[in-house]
Amino acid sequence: MRNFELDEDIWTALREATARLDAAHVDAPATTARLLLAHVLDRPKEWLIAHGDVKLDATAQQRFRSLLQRVIAHEPLAYVLGHREFYGLDLIVDRRVLIPRPETEMLVELALNELRIENEELRKSAGPDFSILNSQFSILDVGTGSGAIPIAIATHAPDVRILATDISTDALAVARLNAERHGVADRITLLQADLLDGIVALPPIITANLPYVTREEIEGLPPEIQAHEPRIALDGGEDGLALVRRLLEQIAARAETHDHASLLRAAFLEIGASQGPAALAAAQAILPHAHAEIKKDLAGLDRVLAIHFHG
Ligand SMILES: C[S@@+](CC[C@H](N)C(=O)[O-])C[C@H]1O[C@@H](n2cnc3c(N)ncnc32)[C@H](O)[C@@H]1O
């Protein structure tokens, strides 16, 4: 590998880095090079364009070269930069968590909308006692990863309290950092659990973006995902729906045996684009008294299994 010149300026460094990224078939090489150098220099990437003739010192060159090497080795850019934007929030991400995807923002929208409807109904029926009713958990997020879903919901719903679970304690540690960073840690309770194990009473709304990649699909994923994102965040079993089915069964068991009238109103589960018919059939078989439907994302692809309880 060629060493950087000691007096290399920003333009030269970017030009050479772009060529190397392009040769390694990394997506959007010019933008990627700019993002990496902006990160190293702790400047907005627009600043680089206006300061192309500024010389890089040896430390900056060394650091840029090492980050560049990681991206060339197909480590995801979000891990190299250490953060990713989700629902307008800057989230810390590293190898312990799945990188939140834009399509998952749909779960946030659906939950916030359901919360609005529920709050209206509670306000009408509970009058002045509304705040007491509203003091319990309103939402359970299963498989929270970086905490993307509950943190996005909590920042847009100031009174909401959320229980967020994950089987991975590593992921929960990242979720805690993000919740603290965005000032919502006091309203999000993090719990290590295998799906709903240990959770008896269900809150009004459940969100879940559980792993749904099939075993076969995992083998064909790009190296950025296959070799770097946690396997436990991807592997959805033989047909991708193993965890979705198990979660539906656990919901059904609790809805039937719950001592108190169940508060559960709605569950929103992210699914893969080809899983709509199978996910719908599973929900109808496991929860025959609920209303299940598949919602499409902005690209027109099946994306969310939405289930409403209580008619
Ligand atoms: C596809 S990732 C989604 C993470 C996050 N919800 C998001 O949308 O960015 C799935 C998450 O589910 C967790 N998970 C896998 N199996 C689980 C299980 N049996 N119970 C609870 N969480 C599980 C993984 O650790 C991972 O964090």
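Me: Which helix lies across strand 8 and strand 9, and at what angle does it run to strand 8?
Reply: This is a predicted model. The helix spans residues 276-286 and lies across both strand 8 and strand 9. Its direction makes an angle of about 165° with strand 8. The answer is helix 13, at about 165°.

Me: How many bridges pair strand 8 with strand 9, and in which sense?
Reply: Strand 9 covers residues 302-308. Glu293 has Ala306 of strand 9 as its bridge partner. His291 stands opposite His308 in strand 9. In total the two strands pair over six bridges, and the sense is antiparallel.

Me: Which residue in the turn between strand 8 and strand 9 has a positive phi?
Reply: Strand 8 and strand 9 form a hairpin. Five residues lie between the two strands. One residue in this turn has a phi of about 80°, and that residue is Gly300.

Me: Which residue of strand 9 stands opposite Leu269?
Reply: Strand 7 takes in residues 266-270. It runs antiparallel to strand 9, joined to it by five bridges. Opposite Leu269, strand 9 places Leu305.

Me: Why is strand 9 largely enclosed by the rest of the structure?
Reply: Strand 9 has seven residues. The strand is largely enclosed because many of them are buried; the count is five of the seven.

Me: What is the strand order of the open sheet, and which strands stand at the edges?
Reply: The sheet has seven strands with mixed pairing, in the order 5-4-3-6-7-9-8. Two strands each have a single partner, so one side of each is left without a neighbour in the sheet. From one strand to the next, the twist averages 20°. The edge strands are strand 5 (188-192) and strand 8 (291-296).

Me: Which helix and which strand each supply at least two residues of the shell around the ligand?
Reply: The ligand is surrounded by 23 residues. The closest are Gly143, Gly145, Ile167, Asn209 and Ala233. Two elements each give at least two residues to the shell: helix 8 (148-156) and strand 4 (162-166).

Me: How many residues of the shell around the ligand are charged?
Reply: The shell includes 13 nonpolar residues. Eight more are polar. The charged residues number two.

Me: How far apart do the C-alpha centres of domain 1 and domain 2 lie?
Reply: Domain 1 covers residues 1-71. Domain 2 covers 102-308. Their C-alpha centres are separated by 39 Å.

Terms used
Residues are numbered from 1 along each chain as its sequence is written. This is a predicted model: local features need pLDDT of at least 70, side-chain atom pairs count only at pLDDT 80 or more; totals for chains, interfaces and linings use all residues. A residue is near a molecule or strand if its C-beta atom, placed from the backbone, lies within 6 Å of it. Helices (H or I, at least four residues) and strands (E, at least two) are DSSP runs, numbered from the N terminus. Ala, Val, Leu, Ile, Met, Phe, Trp, Tyr, Cys and Pro count as nonpolar, Asp, Glu, Lys and Arg as charged, and the others, Gly among them, as polar. Domain bounds come from an automatic or database domain assignment. Two strands pair if DSSP finds at least two bridges between them. Axes are lines fitted to C-alpha atoms, for helices over the stretch in contact, and angles run from 0 to 180 degrees between N-to-C directions. Two residues are in contact if their C-beta atoms, placed from the backbone, lie within 7 Å. A residue is buried if 20 or more other C-beta atoms lie within 10 Å of its own, exposed if 12 or fewer, and partly exposed in between; C-beta atoms are placed from the backbone.
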